[in-house]
Amino acid sequence: MKLSQQEISNFTNLRYCWKRLPFGFSVSQDIFQAKMDQILEGLQGVVSIADDIAVYGKNEEEHDRNLINLMERAANTGLVFNSEKCNIKQNQISFFGNQYTANGIRPDPAKVRDIQKMPTPQNKDELHRFIGMLSYLSPYIPRFADKAHTLRGLLKNETPWVWDTNYQNCFDDLKTMITEDACLKYYDPSLTITLEVDASQKGLGVALVQNNQPIAFGSKTLTDTQSRYSNIEREMLAIVYGIQRYHTYLYGKGFIVITDHKPLVTICRKPLHAAPPRLQRMLVQVQGYNFEVMYRPGPQLVLADTLSRLPNPENSSEIELDERIDGLIFEPEDPEMYTIALINFSPDKQNTLRAETSKDLKLSALKEVILQGWPEKIQDLPKHLRAFWAFRDELGIETGVIFKGRQVLIPDSMTESILKQLHSSHQGIEKTRRLARESVYWIKMNDDIEKMCRSCSVCIEYQDANPKEPLQPHKVPTKPWQSLASDLFEVNGRHYLLTVDRYSKFPMVDEMHTTSSHAVAQKIQAYVSLFGRPDEILTDNGTQYTGEAFKRFTKEWGVKHITSSPQYPKSNGFIERHVRHIKSIVKKTLKYGGNLQIALLQIRATPIDSKLPSPAELIFGRPVTTLLPSRTDPGKEEHRLHLELRTAHMKEHHDRNSRKELPPLHPGQHVTVLNKERGTWHPATVVEKSTEPRSYIVQTPNGNQIRRCRSHLRELFKPHIKINERRNQIAEAPQQTQHQEDCNDSAETITETPCTTTTNYERQNSPPPTCTRSGRVINKPSRYKDFDL
């Protein structure tokens with residue numbers, strides 16, 4: 001073989017490849033036959049079919065001359081013969097299924113030897129099968145009705161079963177008639193060939209047929225081990241036996257295999273790894289043949305059925321099922337050693353698996369069905385076994401263990417321990433399922449794996465964030481200055497207040513010398529007095545907006561205050577996007593000594609997009625005058641409609657990468673809360689649903705109540721409730737060590753609690769600092785300088 005051809009013929013995990021063309025490839029026979037024809041071309045009295053060569057002549061002199069010519073050609077071309085298989089100067093030979101003699105051609109006796117060795121019927125059922133086979137062949141048996149009349153009389157109900165010499169002579173005569181030349185058909189390479197196979201608990205039966213006329217018969221008695229094979233394995237063994245026996249007729253040619261076991265049709269079309277181990281070894285034996293398996297009901301499979309139930313008792317040889325490769329041969333003396341390659345368990349665990357499988361009532365009943373054969377309809381199967389119906393053709397038994405392809409069926413008593421082993425690495429649900437599918441199986445295995453992964457306390461604490469939800473945009477305002485959004489940002493140590501009209505996108509930017517709630521309230525109050533009272537204002541949960549001064553402002557002016565979800569800025573993405581844009585403009589302006597107010601004027605005078613005018617024109621109804629000469633048209637009515645269209649497009653674009661909304665939570669429900677800084681989840685209990693969208697008030701184990709967005713909350717399964725209760729007991733214990741107080745302190749520093757922030761004006765009335773029981777003052781971390789904890 002060429003080097004490029006060798007590379008595609010590798011095997012055993014790509015470690016080995018063929019240097020010479022093996023017989024396992026579907027094209028091997030054609031290539032080999034073409035080479036043999038090329039070598040023997042021009043030789044008289046020499047015929048080659050596959051690896052068999054026949055030399056003939058009309059007399060001894062002609063025969064010897066033809067033989068010498070063949071030997072000379074072999075020496076010149078490098079053709080080598082096996083001396084042990086050479087027969088020289090024979091009066092008769094068996095060649096390609098026929099026997100060639102000095103008197104002419106007749107069928108090979110090996111074709112009908114199993115018919116001649118068929119045992120005597122022992123009851124009316126066996127005699128009825130024999131008569132049925134004869135009826136199938138009756139068109140090729142002269143005066144069949146007259147000769148079978150004697151045996152038919154013994155089948156009558158009123159006739160007792162007494163097998164005497166007359167019946168035996170009639171039985172022997174009919175067997176002789178079947179094996180005569182008039183009954184068997186000569187093989188015709190131009191016609192489609194059919195291999196009929198069947199198996200019983202006694203033996204195997206095969207028949208080679210063309211145009212419904214037999215070419216050859218074969219049967220074999222099963223060994224004690226083979227008789228304990230499952231039904232599908234015995235039927236597959238019949239196919240292997242038939243193909244191996246009639247290799248000369250079938251190799252290199254497409255043919256049809258007829259069986260009365262319907263699951264074989266499916267299993268032969270599936271990948272090799274989907275079959276049980278023993279079936280895999282059988283399927284490997286027929287990989288080099290081109291055939292199609294077809295189903296035919298048992299009553300119509302007369303020849304093979306009769307031969308399998310009345311097999312030749314003298315033929316009980318083993319059928320080789322293991323591939324042999326030089327240098328890689330492994331032949332264990334004890335058949336039980338095969339289980340080492342099939343089950344990755346220690347010997348003790350293998351014994352435990354066999355014992356538990358035998359104790360399991362459901363699997364014991366399943367083993368009986370596999371051995372005896374599956375019924376034709378699922379309704380004929382016991383209800384507790386119907387779950388196995390869909391993959392019945394993949395089930396097999398090996399050394400007392402049931403296999404589903406490569407997977408081992410686990411009894412109920414061992415599923416819990418197997419689940420723990422599967423989840424020992426704490427992988428996700430799908431990864432754990434994939435690991436399980438490689439080795440084990442039981443009914444509802446996927447559901448059990450999902451429940452185990454969802455209730456694992458370690459996985460709950462370190463699980464990923466919730467997936468992105470569909471966008472829930474704020475309602476588009478119907479007029480300017482109806483809805484505002486506000487936030488603070490810092491550039492080079494200087495603080496700025498940004499307030500934007502959500503309708504016109506008109507920004508208001510002011511530098512703040514103090515960021516107290518009172519200062520922010522006064523500044524926004526100045527905007528309101530200039531442009532009018534808005535209906536609502538959207539902010540985050542900073543102390544500047546949750547302080548008493550800001551609350552008084554919104555109450556006095558009748559403005560609805562809406563806050564975003566804590567630690568979830570996306571819930572107020574409008575102002576966050578404007579902060580990023582304005583902050584960038586401020587940085588650039590300050591760095592290069594520009595005028596910030598001129599820059600803001602240009603921002604306000606820049607059209608929003610190709611269909612919307614500038615923010616200034618939307619809010620004032622006219623374009624503003626800039627340092628540039630310009631001319632603008634009056635505003636149009638469709639501006640609001642276009643804004644709604646933009647919002648719809650924005651939601652559609654966002655929702656492409658989001659999933660469905662998370663289910664709502666209920667008061668008292670146990671959940672876990674995401675700590676954004678640490679990236680971990682901690683237990684909490686839902687107190688109530690907040691009035692803000694997708695927000696909930698939850699209580700942590702230390703008693704603090706915080707508000708979080710639904711995306712930062714996960715439902716907690718029952719097995720984790722005990723951990724929460726334990727944490728609550730620790731938090732409520734009357735005596736705590738210094739280490740426990742430190743833990744509580746750290747918990748308080750990372751937990752956000754709604755508090756009241758005092759202004760500079762009211763700072764003299766601020767409450768005393770919070771202290772621990774030992775008297776230590778709790779200092780607020782510097783990273784939380786903008787928050788009250």
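Here is a short chat between a visitor and a guide about the predicted model shown above.

Visitor: Let's start with the big picture: how many helices and strands are in the protein chain?
Guide: This is a predicted model, so take the counts as a description of that model. Of the 789 residues in the protein chain, buried ones make up 42%. As for secondary structure, the tally is 28 helices and 24 strands.

Visitor: And what share of the contacts in the protein chain join residues at least 24 apart?
Guide: The pool here is contacts between residues at least 6 apart in sequence. Within that pool, the share joining residues at least 24 apart is 63%.

Visitor: What about the outside: how much of the exposed area do carbon and sulfur atoms supply?
Guide: The protein chain exposes about 44200 Å². Carbon and sulfur atoms account for this much of it: 50%.

Visitor: Which residues form a nonpolar patch on the surface?
Guide: One member, Ile31, sits in helix α2, residues 28–39. Ile31 counts as partly exposed because its relative accessibility is 39%. Together the patch residues offer about 390 Å² of accessible area. The full set is Trp18, Leu21, Phe25, Val27 and Ile31.

Visitor: Is Ser48 in strand β1 buried or exposed?
Guide: Ser48 belongs to strand β1, which covers residues 46–49. Leaving out residues up to four places away in sequence, Ser48 touches Gln33, Met36, Asp37, Leu40 and Ile53. Its relative accessible area is 11%, and the cut-off is under 20%, so Ser48 is buried.

Visitor: On to helix α23: how far does it reach from its first C-alpha to its last?
Guide: Helix α23 runs over residues 573–591, which gives it 19 residues. At 1.5 Å a residue, the expected reach is 27 Å, and the model comes close to that. The reach in the model is 27 Å.

Visitor: Why do the buried residues of α23 line one face of the helix?
Guide: The buried set is Phe574, Ile575, His578, Val579, Ile582, Ile585, Val586 and Thr589. An α-helix has 3.6 residues a turn, so residues three or four places apart point the same way. Seen down the axis of α23, the buried residues therefore line one face, falling within an arc of 140°.

Visitor: What do the buried residues of α23 pack against?
Guide: On the other side of the helix, Arg580, Lys588 and Lys591 are exposed. The helix is followed by Gly593, with a positive phi near 70°. The packing partners of the buried residues are β15 (483–491), β16 (494–501), β17 (507–512) and α24 (596–605).

Visitor: Now Cys459: how many Å apart in space are Cys459 and His426?
Guide: Cys459 is in helix α19, residues 457–461, and is buried at 17% relative accessible area. Its contacts, not counting residues up to four places away in sequence, are His423, His426 and Cys453. Cys459 and His426 are 33 residues apart in sequence, yet C-alpha to C-alpha they are apart by 6.6 Å.

Visitor: Which parts does the salt bridge between Glu60 and Lys89 tie together?
Guide: The two side chains meet at 2.7 Å, N to O. The pair ties together parts 29 residues apart in sequence, because Glu60 lies in helix α3 (residues 60–77) and Lys89 in the loop between α3 and β3 (93–95). Glu60 is exposed at 52%, while Lys89 is partly exposed at 44%. So the parts joined are helix α3 and the loop between α3 and β3.

Visitor: How are Glu450 and Arg454 placed along helix α18?
Guide: Their side chains meet in a salt bridge at 3.1 Å, N to O. Both are partly exposed, Glu450 at 25% and Arg454 at 40%. Because they are four residues apart in helix α18 (residues 445–454), their separation is about one helical turn.

Visitor: Which residues are linked with Glu450 and Arg454 in a network of salt bridges?
Guide: The model has 23 salt bridges by the count used here. Besides Glu450 and Arg454, the network takes in Glu430, Arg433, Arg434 and Arg437.

Visitor: Last one: is Arg710 buried or exposed?
Guide: Arg710 meets Glu715 in a salt bridge at 4.0 Å, N to O. Glu715 is partly exposed, with a relative accessible area of 42%. Arg710 has a relative accessible area of 5%, so Arg710 is buried.

How values were computed:
Residues are numbered from 1 along each chain as its sequence is written. This is a predicted model: local features need pLDDT of at least 70, side-chain atom pairs count only at pLDDT 80 or more; totals for chains, interfaces and linings use all residues. Side-chain values use heavy atoms; hydrogens and water are left out. Patches are made of residues with over 30% relative accessible area and no salt bridge: like charges are joined within 9 Å, nonpolar side chains (Val, Leu, Ile, Met, Phe, Trp, Tyr) within 5 Å. Accessible areas come from the Shrake-Rupley method with a 1.4 Å probe; for residues, only the protein chains shown count as cover. Helices (H or I, at least four residues) and strands (E, at least two) are DSSP runs, numbered from the N terminus. Buried means under 20% relative accessible area, exposed over 50%, partly exposed in between (1.4 Å probe, protein chains only). The expected span of a helix is 1.5 Å times one less than its number of residues. The arc is that of the directions from the helix axis to the C-beta atoms. Contact means heavy atoms within 4.5 Å.
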